[in-house]
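Welcome to the tour. Have your viewer open and your selection tool ready, and we will go from a single residue to a whole chain.

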Amino acid sequence: MKPRSAAIFGYNEYSKQIAKQISAVYDNVGVFVIDEAEFLEAQDDGIIAQRFDLSDDWESIESQFDVNGLIVFCALADDAENVFLTISLRATFDKLFIIALAQDNESMMKMKSAGADKVMPILPIAANVINDLLTKPIMTQVLHDILYEDGDLTVLEIEITQKSPLNGCYLHELHFKRDFDLILLAIVDQEMGTTFSFASKGHNHHIDAGDILVFMGYAEKLNVIKKWNDGVTI
Amino acid sequence: MLSRWVVNTAFFLHTWHSYQRTKIFFYNFLENQRYPYKKYFDIFMMGLIFLSVYILIRSVKHELPHGWLIFNNYVISLIFLFEYILRFWVHSSNSKTIIEQYESDVFLHRPFSFTGAIKTIFAQKMEYVLSPTAIIDLLAIMPFFHEFRLLRIFILFRVLKLFRYAKSLRRLISILASKKFEILTLMVFTMIMIMVSSVLIYVMEANNPDSKINTLFDAVYWSVVTIFTVGYGDFVPVTDGGRVVAMMIIVSGIAVISFATSIVVSAFTEKLDEIKEDKMIDSVNALKRMYLVCGFSPLAHEVIHKLHKRHIPIVILEKDPQKILQARKNGFLALGYDSGSLHTYSHLKIDFERQVEAIILLHESDVANIYTALTIRELTKNIALYSILHHPSNRKKLLLAGMDHIINAHELVGMMSKIIAAQPVAFEVIHALRSEQTSTIVDEIILDSDMKDRFYALLKDPLFYQRFSVLGIYSTQFKVFHFNPDPEMNIEPGDVAIVIANRGLIDEFRTKLHRRGKV
């Protein structure tokens, strides 16, 4: 089930940007703050935040959201508190999709151990961008436009369905570039585990239902393959 | 009439570009420690000195070929004389002095003081002539007059010239000079000790027929040998009085040696940081290309760590001593200077156009980054400036300060959160490609128009087919990205292909692309 609601923990520059970016994507976005100062700051910005503490009382979450359709952003300013928040949420909700912020790689590992599904290490991310800008400026700009700007060129991940024509095919039999004007970046082969492997590795994967394929291409073409995967005849 | 002619000549020389260029060239060659070719001149001169001393030593017990002596007495001496004259010339500018005097007199409605100008010129030149190094230079030329046998010993002054050319020797002198007072005190104390002990030992020993100390010179020699704890034993006191004096002198000698040692050690300890700093500045000046990082923050640590893989040297400017210490502990080249001060750059003599690839401003406040950017923009407009933005409200200010690229971690996280929430696998794939954590990377390949056929042919090569993905070609001329390019698409000079493949395979593709002949 695709999450329809999002909960953001913490109110700082990061959570403000997260709220700004995801508000158009989710039906319901809630902001939870840990102290009075954050509460007042959110209020000044016109956001009705809710208070929470680091105890195991998550009644307000359960009453407000359908936890199965909820995505959580742990964006507290302090890494230690963020780890504690992540582990508290994971201890209570098994299926919750948790995205956590970490200052560095060291905290990132702790967040992962605490049960976060995805972690965004802030310093390494910023350092990567600076490094890329200095060493590969064109590639950086192109990828930035593809990923973050609302242009036609974008990325899409699709999960292979049972009725998909791709189900049962070998990767080398398919010519996404030629036939769909799409570039296959990577594949998550369920048989091999949950981690992805790059298409350019040259492995001849057997595509099964449940595998995830990550494509890059124009939205229109991506839509075609998405429908095709869903079993719609083109 | 003469004054008029002198002023006109001064103006002529002052505006004569060839003359000024030649003078600057010789000044750089002789005096400018940062001039890259000076070291070759210094090495050449040191070579001449060693050769000269070798010839002197060799001539003591061997008959030397006439050519060697001619070389030593005339060629080397002439080179030294020429050097002396050049140094005399570049020490000060006569034309400038005359013009300054003339303009000052004109401004004050006075007749041009020719004698005043000559006096100033004379004082400036005498300042050079009477400087210790110039005196040594002059004495080193003396062996030129080899007919005077005594003057040959002056060849040893050439050894003293080494102080001029060897930086480490100059540094040693400057370190000892910082303890001038202590050294002078020690010298006075030692001289008094020698004088007193010489007189005492002479009085005690001179009339004793068993004693070898018969003259005042013997007494002084014995005192010096004893006070400096050498004690050859060729002269020994034989009287009781003389032995008492000897005991006192031996004890005093230990004090003199200890005092002298402590002066040298403390001088070196005090100057150690300065020496290290000087050495670091030298190594920065020697860099042909570098990234300049202003401010050492946790982010700077990450950035430098990543940039190190590119094998381009990185120099950090940070004024906080704690952070400098931390940076140096991590093995980074960090200098304790304020990146926002013009003085820093003039002191470090960084050549932005020649040495610096880009400047990255990573202070922990936007205020410091803006201040540094404005300082750098005062010095150069051409260098690329990258800065971290801490508060989105300051973006415009950073742009106004002349920043070329602004990176805001908050915005990045916001944008990433959108894609990570919707397409976590896609995010992970792109993140892995960019962070270069795996062997598969995304890279740029710069193309040329004559590479078109080869480029598309290589993509069909079994080595690259299915394993080398071209995302697209970016046209630098039209600033357009052509996704999944058609093999018929033209390639213009400077176009950039964005590719995904194994790092080794990309290198192989590059090599084959630039190789001539059939694919």
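Is Gly241(B) buried, exposed or partly exposed? Select Gly241(B) and show its surface: this residue has a relative accessible area of 22%. Burial requires a value under 20%, and exposure one over 50%, so Gly241(B) counts as partly exposed. Keep in mind as you look around that this is a predicted model.

Next, widen the selection to residues 240-285 of chain B. You now have helix H13, and Gly241(B) lies within it.

Now add Val425(B) and draw a distance between the two C-alpha atoms. Gly241(B) and Val425(B) sit 99 Å apart in space, with a sequence separation of 184 residues.

Zoom out to all of chain B. Colour by secondary structure, and you can look for 23 helices and 10 strands. Chain B has a radius of gyration of 35 Å, well over the 24 Å that the globule rule gives for 519 residues, so the chain is more spread out than a compact globule. If you align the view to the principal axes, the C-alpha atoms fill a box of roughly 110 × 75 × 60 Å.

Stay with chain B and turn on the surface. About 28300 Å² is exposed, and carbon and sulfur atoms supply 65% of that area. Of the 519 residues, 45% are buried. Switch to contacts: among those between residues at least 6 apart in sequence, 63% join residues at least 24 apart.

For a last stop, colour by charge. Chain B carries 57 positive and 48 negative charges, and the mean positions of the two sets are 3 Å apart.

Notes: Residues are numbered from 1 along each chain as its sequence is written. Chains are lettered from A and ligands numbered from 1 in the order in which they are written. This is a predicted model: local features need pLDDT of at least 70, side-chain atom pairs count only at pLDDT 80 or more; totals for chains, interfaces and linings use all residues. Side-chain values use heavy atoms; hydrogens and water are left out. Helices (H or I, at least four residues) and strands (E, at least two) are DSSP runs, numbered from the N terminus. The radius of gyration is taken over C-alpha atoms; the globule rule is 2.2 Å times the number of residues to the power 0.38. Buried means under 20% relative accessible area, exposed over 50%, partly exposed in between (1.4 Å probe, protein chains only). Contact means heavy atoms within 4.5 Å. Accessible areas come from the Shrake-Rupley method with a 1.4 Å probe; for residues, only the protein chains shown count as cover. Lys and Arg count as positive and Asp and Glu as negative; His and the chain ends are not counted. The place of a charge is taken as NZ of Lys, CZ of Arg, CG of Asp or CD of Glu.
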